[in-house]
Amino acid sequence: MPIIAVANQKGGCGKTTTAVNLSASLAINKNKVLLVDFDPQAHTTFGLSISTDVSIYNVLSEFAEKRLNLKDIIINIEQNFDIVTSNILLSTLEQELANQISRESRLKEILEPIKNEYDYIIIDCPPNLGILTINAIRSCDMVIIPVEASRFSIEGLDKLIEIINLIQERLNCKINWRILLTIFDSRLKHSFEMWQKIKDKFKDKLFDTVIHINVKLKEAQNEGRHILEYDRYSRGAKDYLSLAREIMMIFGKPLMEKMEKQMQEIIKEKLPQLKEVIFSLDMPQAREVYLVGDFNNWKLEQTSLMESKEGRWTKKLTLAPGSYRYRFVVDGNWIEDPYNLNKVPNPFGQMDSLLEIT
Ligand SMILES: Nc1ncnc2c1ncn2[C@@H]1O[C@H](COP(=O)(O)OP(=O)(O)OP(=O)(O)O)[C@@H](O)[C@H]1O
Ligand SMILES: [Mg+2]
């Protein structure tokens, strides 16, 4: 399922704030999320108050004292919300990977086996265009590029986009990217000028959601919590929930396809056991006949109405093996099936017809 890297070589533009709070907002919307801290500064790890002595370094480095699998270091922090931590040792990986083959695909390789277990994987990148960021871009389906609206921060964007395009061409993969305006101060004229400038240049590559400056986001990070936990009614929480909704709209289709595929597999598995049964009743004078039983909770509703053709009332059902009690309701009168001799008494002192499917 979609992997999203949050990247921009510019420091302090809101990458970590976005990675953490977008993940929390997706998780609260019933998506299973894995947040990967891929920055040696480990702000995501600290920003969620996680302390552990192992990190993604132990999975990727050949020199790690303790070599581990990705699954061994995944920590569940909340319902639907898992995290892979980072630490300062990750900074040594740059040099270590320098001489290795396929060095830009190491992260992709380790994420591949667990990709389908998550609805979204979010990667927080370091503030540079080194091999760690390249690995994150190489493994993702979309790059979110946070751009701070209150500073002049467009320069450098072209370089990042050029790298994304280069990775797409060279490695023959499809990577979408979008710009997210962050730390937007609506009191400043400059913020609106920046917004307009980015809109003119990047058009539909800009998220509709804008992340406003909100002190609660800073406080939450300092307290080691995400914004939905810290203050779910804050402006910051609303903005990140809105971003999550936008992301879910963009990736909604693949998710629907996944669910449809799962559904088809279930149907394929169960289908050979299901049997088609036609119930019928000759009652030319009747105006309305229902078929009710265990299979429809004895409900008199539109779907239990039988069809009439030349006085014969019929209803086709697809049922799994088992035994079913049923009756007909002819113009309000509950009757047994006159053609079925298999009957059992019911609690009302009458008889229900019994159908057994083996
Ligand atoms: N919308 C916002 N409103 C107020 N403060 C914000 C907002 N977004 C981020 N900040 C604050 O700005 C600082 C930098 O944000 P953040 O750590 O998310 O940036 P970053 O791009 O991950 O930085 P780095 O490049 O160092 O990894 C943090 O103190 C954070 O709390
Ligand atoms: Mg950061």
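**Exercise 1. Determine which helix supplies the largest share of the lining of the largest cavity, and describe that lining.**

*Solution.* The model is a predicted one.

Step 1. Establish the cavity: the structure contains one cavity of 30 Å³ or more, and the volume of the largest cavity is about 70 Å³.

Step 2. List the lining: it is made up of Thr16, Thr17, Val20, Asn21, Gly47, Leu217, Ala220, Gln221, Arg225 and His226.

Step 3. Assign helices: at least two lining residues come from each of α1 (15-28) and α10 (215-223). The largest share, four residues, belongs to α1.

Step 4. Classify by character: three lining residues are nonpolar, six are polar and one is charged. Because Arg counts as charged, the charged residue is Arg225.

**Exercise 2. Locate Ile267 and state whether Ile267 is buried, partly exposed or exposed.**

*Solution.* Step 1. Ile267 is found in helix α12, which spans residues 235-270.

Step 2. The relative accessibility of Ile267 is 45%, so this residue counts as partly exposed; the exposed class would require over 50%.

Step 3. Together with Leu271 and Leu274, Ile267 forms a nonpolar surface patch whose combined accessible area is about 250 Å².

**Exercise 3. Place Ser51 in the fold, classify its exposure, and give its C-alpha distance to Thr85.**

*Solution.* Step 1. The loop that joins α2 (43-47) and α3 (57-60) contains Ser51.

Step 2. Ser51 counts as exposed because its relative accessibility is 72%, against a cut-off of over 50%.

Step 3. In sequence, Ser51 and Thr85 are separated by 34 residues; in space, their C-alpha atoms lie 8.7 Å apart.

Note on methods:
Residues are numbered from 1 along each chain as its sequence is written. Chains are lettered from A and ligands numbered from 1 in the order in which they are written. This is a predicted model: local features need pLDDT of at least 70, side-chain atom pairs count only at pLDDT 80 or more; totals for chains, interfaces and linings use all residues. Side-chain values use heavy atoms; hydrogens and water are left out. On a 1 Å grid over the protein atoms alone, a cavity is a set of points where a 1.4 Å probe fits but cannot get out, and a pocket is an open set with protein on both sides within 12 Å along at least five of seven lines; lining residues have an atom within 4 Å of a point. Grid points are joined across faces, edges and corners, and a volume is the space filled by probe spheres set on the points. Patches are made of residues with over 30% relative accessible area and no salt bridge: like charges are joined within 9 Å, nonpolar side chains (Val, Leu, Ile, Met, Phe, Trp, Tyr) within 5 Å. Accessible areas come from the Shrake-Rupley method with a 1.4 Å probe; for residues, only the protein chains shown count as cover. A salt bridge is a side-chain nitrogen of Lys or Arg within 4 Å of a carboxyl oxygen of Asp or Glu. Buried means under 20% relative accessible area, exposed over 50%, partly exposed in between (1.4 Å probe, protein chains only).
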